[in-house]
Amino acid sequence: YGCICNGINDRQVKTAIGAGRTKWSDVHEYHGCKPECGGCGVEISEFISKSKKEVTPPALIPVGLVGA
């Protein structure tokens, strides 16, 4: 999922996504660079989509327990 042109590895992609980046170009910007050849666009975008699906919704608190 990394960018070979800019040397962005999988862990760095995950870090950028965890920091709220939602587009493949944002991942590059987070690391201080710009996309070069575009070859990583699909892979990083798919990783972002997958990460969004894996986000667990917040737990629901029963109404009677709020402020308890």
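This briefing walks you through the helices, the core and a few residues of one protein chain. The model is predicted, and its chain has a mean pLDDT of 85, with 78% of the residues reaching 70 or more. You will find three helices and zero strands here, so to speak an α-α-α pattern when you read along the sequence.

**The chain as a whole**

- Of the 68 residues in the chain, 22% count as buried.
- The chain exposes about 5000 Å², and carbon and sulfur atoms supply 56% of that area.
- Take the contacts between residues at least 6 apart in sequence: 41% of them join residues at least 24 apart.
- Among the helices, confidence is lowest in α3, with a mean of 89, and highest in α2, at 96.
- A word of caution for any model of this kind: where pLDDT is low, the predicted coordinates should not be read in detail.

**The nonpolar core**

- The largest nonpolar core has 11 residues, and you can pick them out as Cys3, Ile8, Val13, Ala16, Ile17, Val27, Cys33, Cys40, Ile44, Phe47 and Ile48.
- Helix α1 (10-18) and helix α3 (41-54) each supply at least two residues of this core.
- Ile48 is a good core residue to click on: leaving out residues up to four places away in sequence, Ile48 touches Ile17, Thr22, Lys23, Trp24 and Val27.

**Helix α1**

- The buried residues of α1 are Val13, Ala16 and Ile17.
- Looking down the axis of α1, you would see these buried residues fall within an arc of 100°, so they line one face of the helix.
- The spacing makes sense once you know a general rule: an α-helix has 3.6 residues a turn, so residues three or four places apart point the same way.
- Arg11 and Gly18 are exposed, on the face of α1 turned away from its buried side.
- The cover over the buried residues of α1 includes α2 and α3.

**Helix α3**

- With 14 residues at 1.5 Å a residue, α3 should span 20 Å, and this agrees with its end C-alpha atoms, which are 20 Å apart.
- Buried in α3 are Gly41, Ile44, Phe47, Ile48 and Ser51.
- Seen down the axis of α3, the buried residues fall within an arc of 135°, so they too line one face of their helix.
- On the other side of α3, the residues Val42, Lys53 and Glu54 are exposed.
- Helices α1 and α2 (24-30) are included in what covers the buried residues of α3.

**Two residues of helix α2**

- His28 is found in helix α2, and His28 counts as buried because its relative accessible area is 0%.
- Setting aside neighbours within four places in sequence, His28 is in contact with Cys3, Asn6, Ile8, Cys33, Lys34, Pro35, Cys40 and Ile44.
- Tyr30 also lies in helix α2, but Tyr30 counts as partly exposed because its relative accessibility is 33%.
- Not counting residues up to four places away in sequence, Tyr30 touches Thr15, Ala16, Ala19 and Arg21.
- One of those partners gives you a distance to try: Tyr30 and Ala19 are 11 residues apart in sequence, and their C-alpha atoms are 8.7 Å apart in space.

Technical notes:
Residues numbered from 1 in each chain as written. Predicted model: local features only at pLDDT ≥ 70, side-chain atom pairs only at ≥ 80, totals over all residues. Heavy atoms only, no water. Core = buried A, V, L, I, M, F, W, Y, C linked by side-chain atoms within 4.5 Å. Buried < 20%, exposed > 50% of the residue type's maximum accessible area, 1.4 Å probe, protein only. Helix = DSSP H or I, 4+ residues; strand = E, 2+ residues; numbered from the N terminus. Contact = heavy atoms within 4.5 Å. Expected span 1.5 Å × (residues − 1). Arc of directions from axis to C-beta. pLDDT = per-residue confidence, 0-100. Areas by Shrake-Rupley, 256 points an atom, 1.4 Å probe, with all protein chains shown as cover.
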